[in-house]
Amino acid sequence: MKKITVSILALFAFGFANGQAKEGQVSKGKWLIEANTGFGRNVGTTAMYFSSSDGITSYNIGAEGGYFIKDNLALKLGLGYGEIDGVGEPIAYKIGAKYYLKTMIPIELSYNGVGFGDADANPTYIGAQIGYAVFLGKNVSIEPGIRYNMATHKQYYDNSLQFNLGFALHF
């Protein structure tokens, strides 16, 4: 039994080491397309989520794209759409930069928010995120991470913490 367990662990270690970015996925001139799932308080997000609590249902769908302006550094844009209990049509947006430290630790800084239409104080946030990129092959990575959003309108909105599980395509 011990040999089987060690063999399985060795196989996973080999697969993990083999799956890291070696083929230029984060090189200058490459494209990045991401879809994230957000856990926690989803504010100004381009992530995909569904929530129903105390009779209030909310959902969001979105995606992000980026272009590597130099090795390991991508400029990103994101858009999302959602509803909160069938009211409003908030459009989420994000603009930022993502840097891959040692090609496997993504660090992101961004400005994100939600537009509720005619609202005077739409929520906006400065966000920072860090995670780990597991490359499953030449074009796909899974990127779990943690994100902190600092509200820019503190009189209306609170800071928030999010846990994300991202799926990225690299071209």
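Me: What makes the connection between β8 and β9 a hairpin, and how many residues does it take?
Reply: In this predicted model, a hairpin of 4 residues leads from β8 to β9. The two strands, with β8 at residues 134-135, run antiparallel and share 2 bridges. Pairing needs at least two bridges, so β8 and β9 count as paired. One point of contact has F135 opposite S141 in β9.

Me: How do you know that β9 pairs with β10, and in which sense?
Reply: Happily, the count settles it. There are 10 bridges between β9 and β10 (residues 160-170), in the antiparallel sense. The cut-off is at least two bridges, therefore these strands pair. Here R147 faces Q162 in β10.

Me: Why is β7 said to pair with β9?
Reply: The same test works here: 7 bridges link β7 and β9, against a requirement of at least two, so they are paired. Their direction is antiparallel. Q129 sits opposite R147, and A128 opposite Y148.

Me: What makes the second largest cavity count as a cavity by the rule, and what is its volume?
Reply: Its volume is about 30 Å³, and the rule counts cavities of 30 Å³ or more, giving 2. A cavity is a space where a 1.4 Å probe fits but cannot get out, which means this one is closed to that probe.

Me: Which residues line the second largest cavity?
Reply: The lining includes K98, P106, Q129 and E143. β7 and β9 each give two or more residues to it. By class, the lining has 3 nonpolar, 3 polar and 2 charged residues.

Conventions: Residues are numbered from 1 along each chain as its sequence is written. This is a predicted model: local features need pLDDT of at least 70, side-chain atom pairs count only at pLDDT 80 or more; totals for chains, interfaces and linings use all residues. Side-chain values use heavy atoms; hydrogens and water are left out. On a 1 Å grid over the protein atoms alone, a cavity is a set of points where a 1.4 Å probe fits but cannot get out, and a pocket is an open set with protein on both sides within 12 Å along at least five of seven lines; lining residues have an atom within 4 Å of a point. Grid points are joined across faces, edges and corners, and a volume is the space filled by probe spheres set on the points. Ala, Val, Leu, Ile, Met, Phe, Trp, Tyr, Cys and Pro count as nonpolar, Asp, Glu, Lys and Arg as charged, and the others, Gly among them, as polar.
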